[in-house]
Amino acid sequence: MVSVLFALLTALFNGLASVLQRMAAATAPAAKALHLSLFGYLIRHKVWLVGIGMVILAAVCQATALATGPVALVQPIFIIELPFTLLVASRLARRKLPRMTWWAIGLVTVALGAGLAAAAPSGGGTNASPKVWAAALIVTGIFEAVVITIGVRTRGNARAAAFGLAAACGYALTATLLKSAVAALDHGIGPFFSSWQLYATAVAGVGALFLLQNGLQAGSLVAVQPPLTLGDALISACFGVTVLGEQVNTGGWLLVIQIVAVIAVAIGCIELSRSLALMQSPQPSPQPGAQPSPKSAELLGEPGADRIHGRGRPAGRPAPAHDRRPPGGASRSAAPAGLPGVAGPDRV
């Protein structure tokens, strides 16, 4: 239960960090993409620094969770990060979530719980042989190279999704290395600081953070978050089973339940992603020439925004016969609509 609690706290802090970092990275110039100068730009923004603070808190909670539970259990719980991110984004945008979104949050939560209960990850060690580590690092390097290449050769949300998946792989590797590094604390501070996994954790974590910032800069949060969240969970489970020897139940109906749970989580994440896109979209502005609502007309005066300056009549309506003027007889106050400083039918 301790590992589950701290995994949930990690998901919460990561959700906060994603939204805050996105707010800062979205303003970065495109010329800073894939350059270390991107960090120099972001560090001058307080909102990004607060996001980094959330990352640090998440790292502490993650280390505690991994020290008390298997990687294949702790990391998939981070799928809850997506609903947390959506809730935070809705609060910042001051928008209410529709009923379908709440259903999606419930679906993801229930399906994740059912899938983990069926899989029941357990066992495993805290370290692996040098051969196993070497194989894992080589395969990870190849996977990262392919995904990053795809990201470099694409633009927009495609690049954001690719970098999000690359960051997910980096974070999954970070979690596996971190579990081995934390286990060295049982033998004292000296073995902890002398373990190569500790420094590999730092390198992998910084690399994953760099990839994530570039993904957040390249596209929308909805493009980055799903591959980041789902990829981290699934790749971490693979690391836990193949590297640390953790066990997952896959026999009989348990496997069917897990497959159904994964599908349900995916469906829920798609709906949550759509809601995230809605949270990020700007509020619709009135169209030029659109008629004001009765309420706005009451507040602004019946003619509203299309009032012709100096007259009490909406633009486009014929003037009464007694109010018509011959050509050239218009007063100076009756300036044509649309001139600077004059509210006309083409102004909102």
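Begin by selecting Leu272, which, once residues up to four places away in sequence are set aside, touches Leu82, Pro83, Leu86, Thr101, Ala104, Ile105 and Val108. Keep in mind throughout that this is a predicted model.

With Leu272 still highlighted, add Ile79, Phe239, Val243 and Leu276, since these five residues are the ones with the most contacts inside the largest nonpolar core, a set of 61 residues. Colouring helix H8, residues 156-183, then shows the element that gives the most to this core, with 13 residues. Apart from this core lies another one, of six residues, and selecting Phe13, Ala17, Met54 and Ala58 will display some of its members.

Next, move to helix H6, residues 99-119, and place a distance between its end C-alpha atoms, which are 30 Å apart; at 1.5 Å a residue, the 21 residues of the helix should span 30 Å, so the two values agree. Several of the residues touched by Leu272, including Thr101, Ala104, Ile105 and Val108, also appear among the buried residues of H6, together with Ala111, Leu112, Gly115, Leu116, Ala118 and Ala119.

Step past the end of this helix to Ala120, the residue that follows H6 and that sits in the loop between H6 and helix H7, residues 130-152. What is the sign of phi at Ala120? Phi is positive there, at about 45°, although Ala120 is not a glycine. As background for that value, most residues other than glycine have a negative phi. Ala120 has a relative accessibility of 30%, and because partly exposed covers the range between 20% and 50%, Ala120 counts as partly exposed.

Now turn to the surface and select Leu107, Leu255, Ile259, Ile263 and Ile267, which make a nonpolar patch of about 430 Å². Helix H12, residues 253-280, gives the most to this patch, with four residues. Ile263 is found in H12, and is Ile263 buried or partly exposed? With a relative accessible area of 48%, Ile263 is partly exposed, because this value falls below the 50% over which a residue would be called exposed.

Finish at Ser3, which is found in helix H1, residues 2-25. Its relative accessible area is 6%, and because this is under 20%, Ser3 is classed as buried. To see what surrounds this residue, select Ala65, Thr68, Gly69, Leu73 and Val74, with which Ser3 is in contact when its neighbours within four places in sequence are left aside.

Notes. Residues are numbered from 1 along each chain as its sequence is written. This is a predicted model: local features need pLDDT of at least 70, side-chain atom pairs count only at pLDDT 80 or more; totals for chains, interfaces and linings use all residues. Side-chain values use heavy atoms; hydrogens and water are left out. Helices (H or I, at least four residues) and strands (E, at least two) are DSSP runs, numbered from the N terminus. The expected span of a helix is 1.5 Å times one less than its number of residues. Buried means under 20% relative accessible area, exposed over 50%, partly exposed in between (1.4 Å probe, protein chains only). A nonpolar core is a set of buried Ala, Val, Leu, Ile, Met, Phe, Trp, Tyr and Cys residues joined through side-chain atoms within 4.5 Å. Contact means heavy atoms within 4.5 Å. Patches are made of residues with over 30% relative accessible area and no salt bridge: like charges are joined within 9 Å, nonpolar side chains (Val, Leu, Ile, Met, Phe, Trp, Tyr) within 5 Å. Accessible areas come from the Shrake-Rupley method with a 1.4 Å probe; for residues, only the protein chains shown count as cover. A salt bridge is a side-chain nitrogen of Lys or Arg within 4 Å of a carboxyl oxygen of Asp or Glu.
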